[in-house]
Amino acid sequence: GTNNISFVVPLVAGGAGGLNKTGTGRLLLTGANTYTGPTASTGTLGGNASVAGNVSAQHLSPGDTTGVGQFSIGGNLTFSGDLVVDVATSVSPSNDVIAVTGTITRTGAGSVKVSNLGPVLSVGQKFYLFNGATVPSAAGMAVTGGGATWTNKLAVNGSIEVLTVLPAPVFNPGSVATLPDGNKSVTGTGLIGQAYRLWASSDVSAPLNTWTLLNTGTITASPFTINDLNATNFPTRFYIFSTP
C-alpha cells in the first residue's frame with residue numbers, strides 16, 4: 001500500500017520463493033535476505049541489504065534513512081523511476097551504492113535525487129552509485145540536489161560528478177527578528193529553486209548533526225522568512241542555513 005515499511009531483520013527463507021511489494025510506499029530491507037526468487041516492487045525499494053535473485057523496481061533508494069549504505073543484487077536489475085541517494089564525504093564509503101552482479105536495464109523516466117549528509121561538496125568529486133557498472137539508457141536522467149549541479153556519467157561508469165557547487169542560503173544577523181510572542185523569525189536570501197535546510201541550536205559550537213532541523217524546502221521567493229515558534233524554550237538560539 002502507501003505505507004512505508006522497514007524490515008529490521010533479514011527475510012530468511014529457503015527455496016525459490018520471491019517478494020512482491022505493491023503500492024506507492026517505500027520498502028527498506030536489511031541484511032542478507034536468503035530467498036532466491038525475484039524481488040518486484042512498485043513505489044521505492046532500498047535499504048542496507050542484499051538479495052540473491054533478480055530485482056524489478058520502480059524507484060530505488062539504497063542505504064537506510066540515517067546514512068549511506070549499500071543495496072546488493074545477486075541477479076539482474078530493472079528499474080524505471082527515480083534513484084534517491086545520500087552522499088557524505090566525511091565517511092567511507094562516501095555514498096549510497098547499488099551493487100549488481102548481473103545486468104542493469106533502465107526504462108521509463110526518472111531522475112537522480114541527491115542529499116548531502118556531510119561537508120560542502122567540491123567541484124570534480126565523483127560518486128560511483130552503481131559500483132562502477134554502466135547503466136544503459138540512464139544518460140538522460142537529471143541529477144539534482146546536494147547543493148551542487150552535476151554531470152551524469154551513469155551510462156559511462158555508473159557515477160555522478162560535481163560540476164558546480166551552489167551557495168547555501170544566507171542571512172544577515174539583523175535578519176533574525178523577535179516576534180510579538182517572543183519567538184524568532186529568520187529571513188534569508190538565496191537562489192530561486194535552491195533546496196535548503198534551516199537548523200537551530202542553543203550551543204553554537206555543537207556538531208551540526210546534533211542541531212535541530214527546523215525547516216526544509218525549496219526557495220520560491222527571495223528573501224524568504226521562517227518562524228521559529230519554539231525559540232522561547234531556550235535561553236539562546238543560533239541558526240545555520242545549509243543545502244541538503
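Is Asn131 buried or exposed? At 56% relative accessibility, Asn131 counts as exposed; here buried means under 20% relative accessible area, exposed over 50%, and partly exposed in between, with a 1.4 Å probe and protein chains only. More on that residue in point 7.

1. First, the ground rules. This is a predicted model, so to speak for local features a pLDDT of at least 70 is needed, side-chain atom pairs count only at pLDDT 80 or more, and totals for chains, interfaces and linings use all residues. Residues are numbered from 1 along each chain as its sequence is written, and side-chain values use heavy atoms, with hydrogens and water left out.

2. The overall picture. The chain has 1 helix and 21 strands; both are DSSP runs numbered from the N terminus, helices being H or I over at least four residues and strands E over at least two. The C-alpha atoms fill a box of roughly 65 × 35 × 30 Å along the principal axes. Of the 244 residues in the chain, 40% are buried. Take the contacts (heavy atoms within 4.5 Å) between residues at least 6 apart in sequence: 50% of them join residues at least 24 apart.

3. One sheet to look at is open, with 3 strands in the order E16-E17-E20 and antiparallel pairing. Two strands pair if DSSP finds at least two bridges between them. Strands E16 (176-178) and E20 (224-228) are the edges, and each pairs on one side only. Neighbouring strands here are turned by 25° against each other on average, direction ignored; the axes are lines fitted to C-alpha atoms (for helices over the stretch in contact), and angles run from 0 to 180 degrees between N-to-C directions. Strand E17 (residues 184-188) is joined to E20 by 5 bridges in the antiparallel sense. If you want a spot to click on, Gly188 has Phe224 of E20 as its bridge partner.

4. Another open sheet also has 3 strands, in the order E19-E18-E21, with antiparallel pairing. E19 and strand E21 (238-242) stand at the edges with a single partner strand each, so one side of each has no neighbour in the sheet. The average turn between neighbouring strands is 20°, direction ignored. Strand E18 (residues 195-201) and E21 run antiparallel and are joined by 5 bridges. Ser201 has its bridge partner in E21, namely Phe238. As a reminder, strands of a sheet pair through backbone hydrogen bonds, either parallel or antiparallel.

5. On to the pockets. The largest pocket holds about 400 Å³ of space. Among its 19 lining residues, Asn116, Leu117, Gly118, Leu208 and Ser242 are the closest to its centre. A pocket here is found on a 1 Å grid over the protein atoms alone: an open set of points where a 1.4 Å probe fits, with protein on both sides within 12 Å along at least five of seven lines, and lining residues have an atom within 4 Å of a point. Grid points are joined across faces, edges and corners, and the volume is the space filled by probe spheres set on the points. The lining divides into 11 nonpolar, 7 polar and 1 charged. For those classes, Ala, Val, Leu, Ile, Met, Phe, Trp, Tyr, Cys and Pro count as nonpolar, Asp, Glu, Lys and Arg as charged, and the others, Gly among them, as polar.

6. The second largest pocket has about 230 Å³ of space. It is lined by 15 residues, and Ser61, Asp64, Thr65, Val84 and Asp86 lie nearest its centre. Strands E3 (26-32), E5 (55-62) and E8 (83-87) each give two or more residues to this lining, with E8 giving the most at 3 residues. By class, the lining has 5 nonpolar, 5 polar and 5 charged residues.

7. Finally, some backbone spots to check. Most residues other than glycine have a negative phi, and most peptide bonds are trans. Asn131 has a positive phi of about 55° although it is not a glycine, and it sits in the loop between strands E12 (126-128) and E13 (142-145). Ser137, in the loop between E12 and E13, also has a positive phi, about 65°, and is exposed at 60% relative accessible area.

8. Two cis peptide bonds also deserve a look. Ser92 and Pro93 are joined by one with omega about 0°, and Pro93 lies in the loop between E8 and strand E9 (97-100). Ser222 and Pro223 are joined by another, with omega about 5°; Pro223 is in the loop between strand E19 (212-218) and E20.
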